[in-house]
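Trainee: Before we discuss this model, I would like to practise setting each value against the rule that gives it its name. May I ask you for the reasoning each time?

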Amino acid sequence: MEGNQVKALFLKETTLGYQILGLGVLSLVLIFMDHTTSWLDSFRSALTSVLTPIIVTAELPNRSALGIQDIFSSREDLHGRISGLESELIFFRVKAEKMAALASENDRLRSLLGSAAKLQDNVLVAELIGVNPDPEQQEVLIDKGFEDSVFVGQPVLDSRGLVGQVVEVSSYSSRVLLISDQRHSVPVQVLRSNLRLVAQGTGIGQRLELLHVNSTADIQVGDQLLSSGLGNRFPVGYPVGVVDKVDLKLGMPFSEVLAKPNAQLDRSSHVLLVFTEARVSEDMDGSSAKSESRGGWR
Amino acid sequence: MAGDKTWGIVTIWITIFAGMLLSVIRMPQFLPVELGFLRPDWVAMILVYWIIALPHRAGIPLAWLAGITVDVLLGSPIGQHGLSYVLIAYVAASLYQRIRMFSVWQQAIILFALLGLNQVIGFWVESIVGPKNWSFWYFLPAVSGAFLWPSVFLILRYLRRRTRMA
């Protein structure tokens with residue numbers, strides 16, 4: 001302890017005052033900047049890359065639990081699973097062959113009609129590496145980032161339907177806002193009646209609420225909703241949800257309609273990132289995606 | 001000695017990172033998702049401990065840096081946790097001598113107030129940047145944090161005594 005003076009008994013109140021004033025105002029400025037501009041995005045993505053080990057470590061218990069399950073599953077179980085998957089694979093192969101024929105026929109018909117051919121979408125498989133701990137914020141982290149040319153606003157699917165969109169990208173991970181988040185809405189179309197609507201997330205409960213549905217609109221329980229492709233954010237024709245509640249509110253202009261997402265938002269461990277070729281470039285800068293993640297149609 | 005001092009800061013940061021780990025760790029799938037509302041703000045509790053125990057080493061700037069890091073980690077607006085941690089740290093740093101005198105459960109009551117402040121500021125910022133409905137669920141992390149305070153206190157005190165930080 002040589003050369004150290006005796007510790008002051010009290011902290012200097014004035015120092016504390018300056019510190020809280022300075023850093024408090026700085027925080028407010030940062031909040032404002034982060035909300036209105038995209039200046040802080042590079043800082044955020046750089047720091048996220050540094051913090052990736054924390055996220056990966058936090059995911060370890062879940063992963064090792066799965067690993068232990070694998071170790072203790074019996075030979076018969078695994079055989080059963082493999083044969084099940086094999087038969088499923090054959091089934092899907094046959095389906096895919098049919099699909100290819102249909103797609104080429106569809107393209108030919110479209111070209112006869114003179115309308116633009118439907119583009120083939122490329123996908124990239126990503127693994128879930130984290131979930132936002134706040135149940136109000138329906139966000140997940142995936143293990144693909146800049147390095148895999150993920151971009152802000154990129155649509156994310158799973159094997160059953162639309163999952164959400166990328167809202168933040170760092171080098172090796174990105175953050176995906178799920179369609180069930182309150183801040184998210186997606187333009188949809190009812191498969192049966194072609195009615196165009198907007199589906200907004202409800203937060204907890206992972207439902208979708210259809211906004212501004214006329215009480216005379218042709219919609220009923222069990223209707224399949226597809227992404228309508230309006231707004232150039234999501235590709236056309238991917239399943240979004242199934243209507244499971246239609247409540248005609250007498251005397252009110254709009255009825256309350258809820259849908260259950262097709263995608264297994266809380267269960268899928270792998271998701272697909274979609275690269276649509278018809279990507280609108282002015283949609284891509286970070287600020288627009290952040291503040292207008294509520295569907296691109298406005 | 002100078003080495004002691006840097007090691008002290010390193011230890012503090014290690015505990016803060018451990019707190020961050022606890023705040024992003026995923027709950028097992030079989031538990032209901034609403035249980036996530038009970039997750040306390042571990043980093044805030046750890047910061048309060050260090051400010052009370054070592055006010056000359058852990059202070060408002062440390063709390064601010066930890067807050068910005070938590071903001072990036074959780075994807076909240078940059079500055080949200082920075083702001084709330086700075087305010088908590090200010091209260092803790094001005095009252096540290098009084099808080100030290102309290103028993104652990106009395107401290108837990110103080111912690112409830114501080115963590116409640118943290119939640120209110122978080123809610124305030126989030127309602128500025130997006131739609132957000134107030135519910136009393138926002139206070140649950142403060143309640144669980146207050147109940148968990150004795151364990152945090154004892155663990156960190158043990159750690160501090162083992163590493164002979166003063």
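Trainee: What makes the reach of helix H4 (residues 80-94) of chain B close to the expected one?

Mentor: In this predicted model, H4(B) has 15 residues and reaches 22 Å from its first C-alpha to its last. The expected span is 1.5 Å times one less than the number of residues, and for H4(B) that gives 21 Å, to which the computed reach is close.

Trainee: Why is H4(B) called mostly covered?

Mentor: A residue counts as buried under 20% relative accessible area, and 11 of the 15 residues of H4(B) are buried. Among them are His81(B), Leu83(B), Tyr85(B), Val86(B) and Ile88(B). The elements against which the buried residues of H4(B) pack are helix H1 (13-36) of chain A and, from chain B, helices H2 (42-53), H3 (60-74), H5 (96-101) and H6 (104-129).

Trainee: How do you know that chain B and chain A are in contact, and how many residues take part?

Mentor: Contact requires heavy atoms within 4.5 Å, and by that rule 51 residues of chain B are in contact with 50 residues of chain A. The area buried between the two chains is about 4,200 Å², with carbon and sulfur atoms giving 66% of it. On the side of chain B, the residues that lose the most area to chain A are Arg26(B), Val72(B) and Ile78(B), together 17% of what that side buries.

Trainee: How many salt bridges does the rule find across this interface?

Mentor: The rule asks for a side-chain nitrogen of Lys or Arg within 4 Å of a carboxyl oxygen of Asp or Glu, and across the interface of chain B and chain A it finds 0.

Trainee: Turning to chain A, which strands form the closed barrel, and in what order?

Mentor: The barrel has 6 strands and runs E1-E2-E5-E4-E3-E12 in chain A, with antiparallel pairing. On average, neighbouring strands of this sheet are turned by 45° against each other, direction ignored.

Trainee: What makes E1(A) and E12(A) a pair?

Mentor: Two strands pair if there are at least two bridges between them, and 6 bridges join strand E1 (residues 122-131) to strand E12 (residues 270-275) of chain A, which run antiparallel; Asn122(A), for instance, stands opposite Phe275(A) in E12(A). By the same requirement of at least two bridges, E1(A) and E2(A) also pair, in the antiparallel sense and over 3 bridges, with Val140(A) in E2(A) as the bridge partner of Val131(A). Likewise, 4 bridges join E2(A) to E5(A), again antiparallel, and there Ile142(A) stands opposite Ser174(A).

Trainee: Why do you say that both faces of E2(A) are covered?

Mentor: In a regular strand the side chains alternate between the two faces of the sheet. In E2(A), Glu139(A) and Leu141(A) lie on one side, Val140(A) and Ile142(A) on the other, and all are buried. Helix H2 (residues 41-72) of chain A lies across E1, E2 and E4 of chain A, running at about 70° to E1(A).

Trainee: Why is Ile179(A) called buried?

Mentor: The cut-off is under 20% relative accessible area, and Ile179(A) has 0%, so Ile179(A) is buried. The place of Ile179(A) is in the loop between strand E5 (174-178) and strand E6 (185-190) of chain A. Leaving aside residues up to four places away in sequence, the residues that Ile179(A) touches include Leu162(A), Val186(A), Leu208(A), Val240(A) and Leu265(A).

Definitions and conventions
Residues are numbered from 1 along each chain as its sequence is written. Chains are lettered from A and ligands numbered from 1 in the order in which they are written. This is a predicted model: local features need pLDDT of at least 70, side-chain atom pairs count only at pLDDT 80 or more; totals for chains, interfaces and linings use all residues. Side-chain values use heavy atoms; hydrogens and water are left out. Helices (H or I, at least four residues) and strands (E, at least two) are DSSP runs, numbered from the N terminus. Buried means under 20% relative accessible area, exposed over 50%, partly exposed in between (1.4 Å probe, protein chains only). Axes are lines fitted to C-alpha atoms, for helices over the stretch in contact, and angles run from 0 to 180 degrees between N-to-C directions. Buried area is the accessible area (1.4 Å probe) that two parts lose on being put together, summed over both.
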